[in-house]
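Please work through the exercises below with the sequence and the model open side by side. Each task is followed by a solution that goes step by step.

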Amino acid sequence: MDIRLRPVADGDIDALEKIGPDHDAYVAFGGAPDGQPKGGRDWAAGIIGRVQAAYFGRIIDVGGALAGEIKLQFENLTDRNARLAIWVYRPDQRGQGIAQRAIALTLDEAFGPLVLHRVDLRVLAKNTRAIRAYETAGFRHEGRLRGAAKIGKNYEDELIMAVLASDDRPACS
């Protein structure tokens, strides 16, 4: 599977609008479990705009088609720390190694040209698929934030995971 990271390109808003939102992502980002995500052009343009606004924001491209996004936002420039966020847009593309490859490529950039010391992330404690992908990429568990994410009317725990430039991690193949 040809997976690469690229900057936002013409046509990405149209492609994301066609893919549309999915309920699982809507809930993971704080939507009510019984609610419905709203799609449309403004929705797609907002998401693509946030990728462009990130310090390191890339489209995950699979075989020449938009598949998701991955971003690094600096948490602390002095300490060379950044926070990772990733989203594979289509549910039918999750669980195929796309996220793992995108994370590996991003960490190569983070600890290479960007000269970062640390990359961390926050993930819902119940998101076992994502946690496995992060562990495979070399992220280590650092702690639990109890009730840190409001999902609908409830609060869910989040985990903090991180990888340091000096940590062993799988080679990007």
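The exercises concern a predicted model, and they go from the sheet to a helix, the cores and the aromatic rings.

**Exercise 1. Describe the sheet: in what order do the strands lie, and which of them stand at the edges?**

Step 1. The sheet is open and is formed by seven strands in the order β1-β2-β3-β4-β5-β7-β6, with mixed pairing.
Step 2. Strands β1 (3–6) and β6 each have a single partner strand and stand at the edges, so one side of each is left without a neighbour in the sheet.
Step 3. From one strand to the next, the twist averages 30 degrees.

**Exercise 2. For the pairs β3 with β4, β5 with β7, and β6 with β7, state how many bridges join the strands.**

Step 1. Strands β3 and β4 are antiparallel and pair over eight bridges, and within this pairing G68 has V88 of β4 as its bridge partner.
Step 2. Strands β5 and β7 also run antiparallel, joined by seven bridges, with D120 standing opposite A162 in β7.
Step 3. Strand β6 (residues 140–151) pairs with β7 in the antiparallel sense over eight bridges, and L145 stands opposite E158 in β7.
Step 4. The hairpin of β6 and β7 has two residues between the strands, and there G152 takes a positive phi near 65 degrees.

**Exercise 3. Check the span of helix α4 against its number of residues, and list its buried residues.**

Step 1. Helix α4 covers residues 98–111, which is 14 residues, and at 1.5 Å a residue it should span 20 Å.
Step 2. The C-alpha atoms at its ends are 20 Å apart, which agrees with the expected span.
Step 3. The buried residues of α4 are I98, A102, I103, A104, L105, T106, L107, A110 and F111.

**Exercise 4. Which elements supply the largest nonpolar core, and which of them gives the most?**

Step 1. The largest nonpolar core has 30 residues, and those with the most contacts inside it are I60, L72, V119, Y134 and F139.
Step 2. At least two residues of this core come from each of β2 (56–62), β3 (65–76), β4 (81–88), α4, β5 (118–124), α5 (128–136) and β7 (154–164).
Step 3. Helix α4 gives the most, with six residues.
Step 4. A second core, separate from this one, has 11 residues, including I48, I59, L66 and Y89.
Step 5. As general background, nonpolar side chains in soluble globular proteins tend to be buried together.

**Exercise 5. Classify the aromatic pairs Y55 with F74 and W87 with Y89, and decide whether W87 and Y89 are buried or exposed.**

Step 1. A search of the whole structure finds three aromatic pairs, of which two are treated here.
Step 2. The ring centres of Y55 and F74 are 4.4 Å apart and the planes are at 55 degrees, so this pair is tilted.
Step 3. Because Y55 lies in the loop between α3 (41–53) and β2 while F74 lies in strand β3, the pair ties together parts that are 19 residues apart in sequence.
Step 4. The ring centres of W87 and Y89 are 4.9 Å apart and the planes are at 85 degrees, so this pair is edge-to-face.
Step 5. Residues under 20% relative accessible area count as buried, so W87 is buried at 12%, and Y89 is buried at 1%.

**Exercise 6. Find what sits over the ring of F56.**

Step 1. The charged end of R58 sits over this ring, 4.2 Å from the centre of the ring of F56.

Terms used:
Residues numbered from 1 in each chain as written. Predicted model: local features only at pLDDT ≥ 70, side-chain atom pairs only at ≥ 80, totals over all residues. Heavy atoms only, no water. Helix = DSSP H or I, 4+ residues; strand = E, 2+ residues; numbered from the N terminus. Expected span 1.5 Å × (residues − 1). Buried < 20%, exposed > 50% of the residue type's maximum accessible area, 1.4 Å probe, protein only. Core = buried A, V, L, I, M, F, W, Y, C linked by side-chain atoms within 4.5 Å. Phe/Tyr/Trp six-rings, centres within 6.5 Å; stacked < 30°, edge-to-face > 60°. Lys NZ or Arg CZ within 6 Å of the ring centre and 35° of its normal. Pairing = 2+ DSSP bridges. Axes fitted to C-alpha atoms, helices over the stretch in contact; angles between N-to-C directions.
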